[in-house]
Structure formats: structure tokens, C-alpha cells
Amino acid sequence: MKTRDRIDEALAPLSGLATAGFFLALRIRGSSPLLSFRTYPPAWTEEYMGGGYLLRDPITTWALTVGGTVRWSSRLLLDPFGIFKKARKHGLNYGASVAHGPVKALTILSAGREDREFTDAEIEQMKGIVVALHDLTAPPASLTASQRATLETLAAGGTAEKARVQEVCDLFFAEVPGDALARARELKLL
């Protein structure tokens with residue numbers, strides 16, 4: 001089974017748990033996740049992104065400093081900008097978040113419900129999903145000779161066999177060869 005199929009399979013239970021939607025950012029480096037998935041209501045996503053809420057979101061601060069699991073109703077989450085209040089206007093009345101991994105490759109899930117708090121068991125299930133997906137998307141520790149040759153050819157401005165290019169793109173979860181090459185360099189594999 002391809003890694004992308006395994007990711008989709010692992011994500012499937014989240015829709016049943018996060019009935020008002022979720023946002024999952026896998027292996028964030030800097031401000032960019034390797035992969036992200038969003039099922040929040042589009043109006044909330046538009047308001048959140050358009051309003052620049054990311055840096056004022058209590059979950060962002062919590063994920064970067066504490067991590068683990070937390071309900072949005074926790075007294076530990078200070079929300080001076082009223083992000084949770086704004087989210088409730090979009091049906092995200094209750095929520096929980098999971099943060100896993102080192103700061104340089106952090107995976108964060110925030111999930112919402114409209115009807116009730118998440119149970120401890122549901123939060124543990126979400127944590128298991130996050131850990132599994134974080135592990136599944138770990139970068140390679142090394143390259144095969146074929147993968148290295150393909151990337152070196154691309155780096156030199158050459159062309160390579162389509163199947164080999166697709167292989168290195170899949171390896172680095174890249175949409176285009178240039179992104180695969182950049183990730184290989186970032187990871188010091190070239």
C-alpha cells in the first residue's frame with residue numbers, strides 16, 4: 001500500500017470524531033507543514049486565515065511550549081484575542097488539540113465538535129492517529145543510489161525518467177520535482 005493511501009486510511013476516523021471539522025498540520029518546519037488537511041467550515045478557515053489568527057491562537061502557543069493533548073476549554077489556554085469565541089460562531093463549540101514531535105518537525109491536530117466535549121478516549125484515539133501519521137511521514141534517513149542519481153540529475157538541470165521522478169516526489173511528499181530536491185537538500189541528503 002502506498003504511503004498516501006496509508007495516510008488517507010489513518011485520517012478516516014477523524015471525520016467521525018471531529019464532527020465540526022479539523023485541521024492537521026504534519027511535520028511543520030518553520031511555518032510550513034509537510035502536509036496539511038483541513039475540514040473546518042470554509043467560512044471559519046477564511047476568517048482565521050484572513051484575520052491572521054495563527055499567531056494569536058492559544059493552540060499555537062500551547063503546541064510550541066507544552067504540547068501533548070488539551071481541550072479548548074482548559075484553563076491553561078489563555079485566549080485574550082477571543083479566538084475560541086470566534087470559532088464558536090462557526091459551530092466549533094468544543095474542541096481538543098494534539099501536538100506531537102520536536103519543535104523543528106511538530107505535528108498539530110485541532111479538532112472541533114458542535115455538540116459536546118471530546119471524551120478522554122476520543123482524545124487518546126486522536127493522539128494515536130497523530131503519532132501514527134507523524135511516524136508515517138518521517139523523512140528518509142538516506143537515499144538509494146537510484147534516488148540520489150535522480151535528484152542529482154534534476155539538480156544539474158537535467159531530465160530523468162518519469163517513474164523515477166515520481167518516486168522521489170512521493171518520497172518527500174512533493175508535488176513537483178523542485179520541492180523534492182529542496183527537501184532533500186534541507187535534510188542534507190544531497
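## A tour of two pockets and their surroundings

Begin by selecting the lining of the second largest pocket, whose residues divide into eleven nonpolar, two polar and five charged. Here Asp, Glu, Lys and Arg count as charged, Ala, Val, Leu, Ile, Met, Phe, Trp, Tyr, Cys and Pro as nonpolar, and the others, Gly among them, as polar. A pocket is an open set of points on a 1 Å grid where a 1.4 Å probe fits, with protein on both sides within 12 Å along at least five of seven lines, and lining residues have an atom within 4 Å of a point.

This is a predicted model, in which local features need pLDDT of at least 70 and side-chain atom pairs pLDDT 80 or more, while totals for chains, interfaces and linings use all residues. Residues are numbered from 1 along each chain, and side-chain values use heavy atoms, with hydrogens and water left out.

The second largest pocket has a volume (the space filled by probe spheres set on the points) of about 320 Å³. Among its 18 lining residues, centre your view on Arg27, Arg29, Leu34, Glu186 and Leu187, which are the closest to its centre.

Move next to the largest pocket, which holds about 690 Å³ of space. Its lining has 31 residues, and those closest to its centre are Phe23, Tyr48, Leu54, Thr60 and Ile108. Colour the lining by type and you will find 22 nonpolar, seven polar and two charged residues. Several elements supply at least two lining residues each, including strand 1 (21–28), helix 2 (42–50), helix 3 (58–65) and strand 5 (106–113); helices (H or I, at least four residues) and strands (E, at least two) are DSSP runs.

Now select helix 3, where Pro58, Ile59, Thr60, Trp62 and Ala63 are buried, meaning under 20% relative accessible area. At the start of helix 3, look for a side-chain oxygen of Asp57, which reaches to within 2.8 Å of the backbone nitrogen of Ile59. Just after helix 3, Gly67 takes a positive phi of about 75°.

From there, show strand 4, in which five of the seven residues are buried. On one pairing, four bridges join strand 3 to strand 4 in an antiparallel arrangement, and Val70 stands opposite Ser97 in strand 4. Strand 4 also pairs (at least two DSSP bridges) with strand 5, again antiparallel, over seven bridges, and here Tyr94 has Arg113 in strand 5 as its bridge partner. Finish at the hairpin of strand 4 and strand 5, where five residues lie between the strands and Gly101 takes a positive phi near 105°.

Methods
Buried means under 20% relative accessible area, exposed over 50%, partly exposed in between (1.4 Å probe, protein chains only). A polar contact is a pair of N or O atoms within 3.5 Å; within protein, one must be able to donate a hydrogen and the other to accept it, and residues adjacent in sequence count only if both atoms are side-chain atoms.
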